[in-house]
Amino acid sequence: SLTLGIVGLPNVGKSTLFNALTNNDVLAANYPFATIEPNVGVVPLPDPRLDRLAEVFGSARTVPATVSFVDIAGIVRGASEGAGLGNQFLANIREANAICQVIRVFDDPDVIHVDGQVDPLADIETINTELILADLQTLEKAITRLEKEARTRKDARPAADAAAKAKDILDGGRTLFSAQREVDISLLREMHLLTAKPFLYVFNADEAVLTSPDRRAELAKLVAPADAVFLDAKVEAELLELDEESRRELLESVGQDEPGLYALARAGFHTLGLQTYLTAGPKEARAWTIPQGATAPQAAGVIHTDFERGFIKAEIVSFEDLVAAGSMASAKTAGKVRIEGKDYVMADGDVVEFRFNV
Ligand code: GDP
């Protein structure tokens, strides 16, 4: 499945956040036999629709979609001036599908900032610079090879040109993701360029920031159009230890109406370009993860590969129509249940029953 790699300068709260990500019990509850790597944190995507569906269908349980975060330790300023980013760091981050940068905006004289002061923009630029320099190294090696190939093979020309263009963009201090309209990144896919991945920013904040809409808007603007999430990593870790009522009190005291991990899960899902569709029956009401733009057979394939191969059609009703009708039977009577074929592009919140040959 797709993952977000967590990066950030030392002492910004990565480990604290990652502990909160791994201490939630969604995996144990829903996937008792799943084995996951110690550096992977899996969080449920909160979805109130599942509880409504479970009511409508009398489902015994709900199973949310999940988002996976990988802890990628070890980026420090100047890595590129010395031996470069560590090999393990590079290997891990290349495998991530998106990058989640944690930025410190909390004040605490007891926690030393590597650069002596809390400066979110400087932190963002430091990390960007390291990733840009790593990509430049990758590109410089590749360009020599691609140019040679392009001299003898015409079909290698577009990739060589894209690589040259990408180098220009990076030389100008910009990430490839932010310059997507200027260069066809897909031609360079095999290079696993770090700055071509989508970014998500987590501002590890204190109460002063969390309760200030102006400050939040200012910070969000620094990273737009990327998603920004505001949370207090220490509070997130504490929340998991509390019962429902104490949890609500603690959240209120820092001006939040839900755990920051919820917002993080949603933003992670969005950054990865994912969406969900829903299935329900007496056993469970469940959300399934698909890429935005997935067709009905591709969606069926997420449940079982045989379902994609044997796909015949899908019976689909939107969540809103189903809930308004009150039951699947009433939704059918009301003409709200559509029969869709193999070219249908799924919409978020489609409630689906697949018909297939096995
Ligand atoms: P990492 O180096 O990025 O993994 O940072 P850590 O998670 O180890 O955090 C560094 C220090 O900052 C630890 O002493 C944490 O307890 C503290 N810390 C982390 N998050 C917060 C926060 O939101 N507020 C405050 N005040 N301290 C935090």
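How far apart do the end C-alpha atoms of residues 129-156 lie, and how much of the span is helix? In this predicted model, the separation is 29 Å, with 86% of the span in helix and 0% in strand. The stretch 129-156 carries the annotation "coiled-coil region" in an unreviewed UniProt entry.

The protein chain as a whole contains 15 helices and 12 strands. Its radius of gyration is 23 Å, close to the 21 Å that the globule rule gives for 358 residues, so the chain is as compact as a globular protein of that length. The C-alpha trace extends over about 65 × 60 × 40 Å along the principal axes. Of the 358 residues, 37% are buried. Among contacts in the protein chain with a separation of 6 or more, 68% are made by residues 24 or more positions apart.

The ligand is surrounded by 16 residues, of which G13, K14, S15, T16 and D108 come nearest. By class, this shell comprises five nonpolar, six polar and five charged residues. At least two shell residues are supplied by each of α1 (14-23) and α9 (233-239). The greatest contribution is that of α1, with three residues.

Helix α1 also holds a set of buried residues, namely K14, L17, F18, A20 and L21. Viewed down the axis of α1, the buried residues fall within an arc of 155° and therefore line one face of the helix. K14 thus appears both among the buried residues of α1 and among the residues that come nearest to the ligand.

Conventions
Residues are numbered from 1 along each chain as its sequence is written. This is a predicted model: local features need pLDDT of at least 70, side-chain atom pairs count only at pLDDT 80 or more; totals for chains, interfaces and linings use all residues. A residue is near a molecule or strand if its C-beta atom, placed from the backbone, lies within 6 Å of it. Helices (H or I, at least four residues) and strands (E, at least two) are DSSP runs, numbered from the N terminus. Ala, Val, Leu, Ile, Met, Phe, Trp, Tyr, Cys and Pro count as nonpolar, Asp, Glu, Lys and Arg as charged, and the others, Gly among them, as polar. UniProt positions are given in the numbering used here, feature names are shortened, and annotations may be inferred rather than shown by experiment. A residue is buried if 20 or more other C-beta atoms lie within 10 Å of its own, exposed if 12 or fewer, and partly exposed in between; C-beta atoms are placed from the backbone. The arc is that of the directions from the helix axis to the C-beta atoms. The radius of gyration is taken over C-alpha atoms; the globule rule is 2.2 Å times the number of residues to the power 0.38. Two residues are in contact if their C-beta atoms, placed from the backbone, lie within 7 Å.
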